Amino acid sequence: MYRNSLYDACVLKPKFDQFNNLYTLIVTPAGYKKVPFTPMQLLDMELKQHGSSLKGAKEAAKAVITSNSVNPIMIPRSRLSHFWFPTEAMRNIEDCMYFALHHVDDIKPHLENHSVVILTNNERIIVPVSYSKLNKQWMKAKDYCSTTLIKQFYRDPVSSNAEQQIMLKCAEIYEEYVIH
């Protein structure tokens, strides 16, 4: 089983090799990595390592941002979650790239029906999607991120009795860990 980690990944770009096999080129701040999986497979594997799945992440995004299509994906992490947004519908497996929200500095219009995504390391990725469409995806991901963070850190502590019991047990475990 391939152990992947998208922790440092900036972009997941689908590509074809000389035998017409689909693979993903992972763009990182340190360079490029070729892996024999589609971007969707990579995201699903990463999500499963964190107790979720691509299907669950899609449903969660749909519930939070009330959008029915082309939604961003949240990968829950211990400190801060990572948010990924697609360039187009996931069913377009051969063309759909994914960008890590925290690695995108800006998006600018390019040629007709193309955009340039400027990463935080100043690398520029040309995307064959119009600026208005890609900017909408980027804004949707930002909205999902901010909504999730607000709910996570600033909501009133309204929890069920079962949730309170779980939180108390976690606090007890944490306290024992800190004491020992």
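**Two sheets, a pocket and a cavity**

I'll start with the six-stranded sheet: six strands form an open sheet with antiparallel pairing, in the order 3-2-1-6-5-4. Its edges are strand 3, residues 31-35, and strand 4, residues 73-75; each has a single partner strand, so one side of each has no neighbour in the sheet. On average, neighbouring strands here are turned by 25° against each other, direction ignored.

Before I go on, this is a predicted model. The chain has a mean pLDDT of 84, with 80% of its residues at 70 or more. Where is confidence lowest, and where is it highest? The low end is helix 4, residues 161-179, with a mean of 56, and the high end is strand 8, residues 115-119, at 97. Over residues 176-180 the pLDDT is below 50, and that stretch has 0 contacts in the model beyond near neighbours in sequence.

Back to the edge of that sheet. Strand 4 pairs with strand 5, residues 82-86, in the antiparallel sense, and 3 bridges connect the two. One residue pair to look at on screen is Ile73, which stands opposite Trp84 in strand 5.

Now the other sheet. This one is also open and antiparallel, with 3 strands in the order 7-8-9. Strand 7 and strand 9, the latter being residues 124-127, stand at the edges with a single partner strand each, so each has one side without a neighbour in the sheet. From one strand to the next the twist averages 20°.

Within this sheet, strand 7, residues 104-109, and strand 8 pair in the antiparallel sense over 5 bridges. Two positions show the register. Val104 has Leu119 of strand 8 as its bridge partner, and Asp106 stands opposite Ile118, also in strand 8. Strands 7 and 8 form a hairpin with 5 residues between them, and Asn113 in that hairpin takes a positive phi near 60°.

As a general reminder, the strands of a sheet pair through backbone hydrogen bonds, in either a parallel or an antiparallel way.

Next, the open space. The largest pocket has a volume of about 200 Å³. Which residues line the largest pocket? They are Lys58, Glu59, Lys62, Asn68, Ser69, Val70, Asn71, Pro86, Ala89 and Met90. Helix 2, residues 54-65, gives the largest share of that lining, with 3 residues. By class, the pocket lining splits into 4 nonpolar, 3 polar and 3 charged residues.

Then the enclosed space. The count is 1 cavity of 30 Å³ or more, and the largest cavity has a volume of about 30 Å³. Its lining consists of Thr38, Pro39, Met40, Met90, Ile93, Cys96 and Tyr98. How many of the residues lining the largest cavity are nonpolar, polar and charged? There are 6 nonpolar and 1 polar, with no charged residues.

One residue to keep on screen is Met90, which appears in the lining of the largest pocket and again in the lining of the largest cavity.

To recap, the sheets run 3-2-1-6-5-4 and 7-8-9, the pocket is about 200 Å³, and the cavity is about 30 Å³. For confidence, the part to keep in mind is helix 4, with its mean of 56.

Key. Residues are numbered from 1 along each chain as its sequence is written. This is a predicted model: local features need pLDDT of at least 70, side-chain atom pairs count only at pLDDT 80 or more; totals for chains, interfaces and linings use all residues. Side-chain values use heavy atoms; hydrogens and water are left out. On a 1 Å grid over the protein atoms alone, a cavity is a set of points where a 1.4 Å probe fits but cannot get out, and a pocket is an open set with protein on both sides within 12 Å along at least five of seven lines; lining residues have an atom within 4 Å of a point. Grid points are joined across faces, edges and corners, and a volume is the space filled by probe spheres set on the points. Helices (H or I, at least four residues) and strands (E, at least two) are DSSP runs, numbered from the N terminus. Ala, Val, Leu, Ile, Met, Phe, Trp, Tyr, Cys and Pro count as nonpolar, Asp, Glu, Lys and Arg as charged, and the others, Gly among them, as polar. Two strands pair if DSSP finds at least two bridges between them. Axes are lines fitted to C-alpha atoms, for helices over the stretch in contact, and angles run from 0 to 180 degrees between N-to-C directions. pLDDT is the predictor's confidence in each residue, from 0 to 100. Contact means heavy atoms within 4.5 Å.
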